[in-house]
Amino acid sequence: MKKIKGLSLLYTPDDIDGAVQRLSYEISEEYRERKPLLIGVLKGSFIFCADLVRTLDFPMEIDFVRAASYGMVGVSSSGVRLLKDVEQPVDGRDLIIIEDIVDTGLTLKYLYDHLMAKRPASIKICALIDKRERRAVDVKLDFIGFTIEKGFLVGYGLDYKEMYRYLRSIYILKEEL
Ligand code: PRP
């Protein structure tokens, strides 16, 4: 595995693939007959979404939202704003929100409430990484890839100041530059 200065390897592509396959199995068991609408949260989840949907072999639709938190880059704050809403009708649909990482939980809480107001039949949440240490609000994650306590993670869609999203593995940033 290629070493990258300033980063320490956390999950290899094989680790990630294993987690995606397991999540795919769990989601398929529950949603095979329900034609769910998967909602990816941009930008971080774009690679995870692309890999996940290609392992699901039943009818579904996919859409995206984009949320951003106010505050400093790299730091979640209490304010979240919506930069892009869903485009598909949500009313009466079974929704699965697809997140790359849940940290404070504020982004997800905002999105959950925002989507719930559009009267879907149900909402469940799939997160590749559940990072616990800084959780500020209670969010129920229904499908979880990995759980960690802390660490600033990059790669596989996750960025630090827009860098590293393209990496195939997930790394811990050793120190913020
Ligand atoms: C990241 C990540 C989640 C959110 C989680 O997105 O993709 O959406 O932060 O943090 P929280 O649980 O503390 O709210 P970010 O706002 O960095 O935007 P990006 O997806 O475009 O990188």
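The following dialogue goes through several salt bridges and one sheet of a predicted model.

Mentor: In this predicted model, local features need pLDDT of at least 70 and side-chain atom pairs count only at pLDDT 80 or more, while totals for chains, interfaces and linings use all residues. Residues are numbered from 1 along each chain as its sequence is written, and side-chain values use heavy atoms, with hydrogens and water left out.

Trainee: What makes the contact of K124 and E30 a salt bridge?

Mentor: The term requires a side-chain nitrogen of Lys or Arg within 4 Å of a carboxyl oxygen of Asp or Glu. The N to O distance for K124 and E30 is 2.7 Å, so the pair meets that definition. A search of the whole structure finds 19 salt bridges.

Trainee: Why is it said that K124 and E30 tie together parts that are apart in sequence?

Mentor: K124 belongs to strand β6 (residues 122-131) and E30 to helix α1 (residues 13-31), so the pair ties together parts that are 94 residues apart in sequence. Helices (H or I, at least four residues) and strands (E, at least two) are DSSP runs, numbered from the N terminus.

Trainee: Why is D130 called buried, and what is R132 called?

Mentor: Buried means under 20% relative accessible area, exposed over 50%, and partly exposed in between, with a 1.4 Å probe and protein chains only. D130 has a relative accessible area of 2%, so D130 is buried, whereas R132, with 39%, is partly exposed. The side chains of these two residues, D130 and R132, meet in a salt bridge of 2.7 Å, N to O.

Trainee: How do you know that E162 and K43 form a salt bridge, and which parts of the chain does the pair link?

Mentor: The closest N and O atoms of E162 and K43 are 3.1 Å apart, so the pair satisfies the cut-off. E162 lies in the loop between β8 (153-154) and β9 (170-173), and K43 in the loop between β2 (37-42) and α2 (46-53), 119 residues apart. E162, at 46% relative accessibility, counts as partly exposed, and K43, at 32%, also counts as partly exposed.

Trainee: How do you know that β1 and β9 pair?

Mentor: Two strands pair if DSSP finds at least two bridges between them. Four bridges join β1 to β9, which run antiparallel, so the two strands pair. In β9, I172 is the bridge partner of S8.

Trainee: What is the strand order of the open sheet, and what makes β1 and β8 its edge strands?

Mentor: The open sheet of three strands has the order β1-β9-β8, with antiparallel pairing. The strands β1 (7-11) and β8 are the edges, as each pairs on one side only.
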